[in-house]
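User: I am new to reading protein models, and I would like to learn how to look at one feature at a time. Could we go through this one together?

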Amino acid sequence: MSNRFVGKVALVTGGGSGIGEATLRAFAAEGAKVVVVDIHEENAQRVARAIQEQGGHAVALRADVADPRDAEAMIRYAVDTFGRLDILHNNATAIEIGRVADLTIEGWNRTIAVNLTATFLATKFALPVMMQQGGGAIVNTASVSGLSGDYGLSAYNAAKAGVINFTRTVAIEYARYNIRVNCVCPAVIATPPLLAMFGEREANLAHITVAPSSTPPRQLTAAERQQQKQRLQNAHPVGRFGKPEEVARVVLFLASDEAPFVTGAAYLVDGGLTAHTGMPPLTGEW
Ligand SMILES: NC(=O)c1ccc[n+]([C@@H]2O[C@H](COP(=O)([O-])OP(=O)(O)OC[C@H]3O[C@@H](n4cnc5c(N)ncnc54)[C@H](O)[C@@H]3O)[C@@H](O)[C@H]2O)c1
């Protein structure tokens, strides 16, 4: 294990689960002091405790990243607690699922607020701190869903597309201040909500809602769910879902001094999903 982040402070939103948790554990394992931010206080505290038990430095903070006061307070909390802020990883998400005519205005607004507006808010409040320090790195979690559309995910697709282009603009505006800004675009990652969808574990699903529909989907049988999972895995040329730790490794690379000439990038972590046109194999060897 290297010590790329000794002396650095990293704040990760949505840190109480999935990719955020994996990223925090990885930053801490490489020497960073970390701030675990999540709206789910218990999960934020669980992750901070786990890092402390491994000998790392971590504090937990409950915040709603879509609330401008909370966003400002969490950046201030990082600086007050650890004296600086070197890395910001905007990663929290909330989603309302449903076809466009069924989406609620509240669900649309919340999806845009937690994925996109929150990324703006945290960035807005972190930039002056990083400028004053002489530099920093911001890594946003976008998605392959910001590059193409998905059935039932229009609000999320719009928000993640926004995150990708927002990343580019911030990168341009602050490159001269030694602040690099990149995003990762994961495909399907085996995080708690995804595993819960296939009935494979319990998870906090408070931030994932389904719009009321005039044609509610039929409950799938266990066999159908397994079939659906297999199909979704097979859509990735590598034949499986990604792991949260595999996204974390790319986030750490982008935040590290190993990527000094990488800024404004949307980095795929997708097992080849977007390299594929979706054409079935023509040669019979698969
Ligand atoms: N899992 C995937 O397949 C996948 C694929 C592509 C992109 N992503 C993106 O990766 C990121 C992490 O996803 P994940 O799968 O690890 O999700 P997750 O559900 O495991 O974690 C998301 C966390 O965000 C927190 N959160 C929700 N609303 C919040 C708010 N208002 N303020 C603070 N915290 C809030 C939740 O409590 C939760 O702990 C998200 O941005 C997601 O869009 C995930």
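User: Which residues lie on the two sides of β2, and are they buried or exposed?

Analyst: A residue is called buried if 20 or more other C-beta atoms, placed from the backbone, lie within 10 Å of its own, exposed if 12 or fewer do, and partly exposed in between. Helices (H or I, at least four residues) and strands (E, at least two) are DSSP runs, numbered from the N terminus. In this predicted model, local features need pLDDT of at least 70 and side-chain atom pairs count only at pLDDT 80 or more, whereas totals for chains, interfaces and linings use all residues. Residues are numbered from 1 along each chain as its sequence is written. On one side of β2 are K33, V35 and V37, on the other are V34, V36 and D38, and all of these are buried. Because six of the six residues of β2 (residues 33-38) are buried, this strand is largely enclosed by the rest of the structure.

User: Which strands does β2 pair with?

Analyst: Two strands pair if DSSP finds at least two bridges between them. Strand β1 (residues 9-13) is joined to β2 by five bridges in the parallel sense, and V9 stands opposite K33. Between these two strands the chain passes through helix α1 (residues 18-29), in a β-α-β crossover that is right-handed, meaning that, with the strands pointing away from the viewer, the path from the first strand over the helix to the second runs clockwise. Strand β3 (residues 57-62) also runs parallel to β2, with six bridges, and here K33 stands opposite H57. The chain reaches β3 from β2 through helix α2 (residues 41-53), and this β-α-β crossover is right-handed.

User: Which residues touch the most other members of the largest nonpolar core?

Analyst: In soluble globular proteins, nonpolar side chains tend to be buried together. A nonpolar core is a set of buried Ala, Val, Leu, Ile, Met, Phe, Trp, Tyr and Cys residues joined through C-beta atoms within 7 Å. The largest one here has 74 residues, of which A10, L11, F27, V34, V36, V37 and V65 touch the most other members. Helix α4 (residues 105-133) gives this core its largest share, eight residues.

User: What is F27 in contact with, beyond its neighbours within four places in sequence?

Analyst: Two residues are in contact if their C-beta atoms lie within 7 Å. Leaving those sequence neighbours aside, F27 is in contact with F5, A10, A32, V34 and L252. L252 is found in helix α8 (residues 244-255), and L252 counts as buried because it has 24 C-beta neighbours inside 10 Å.
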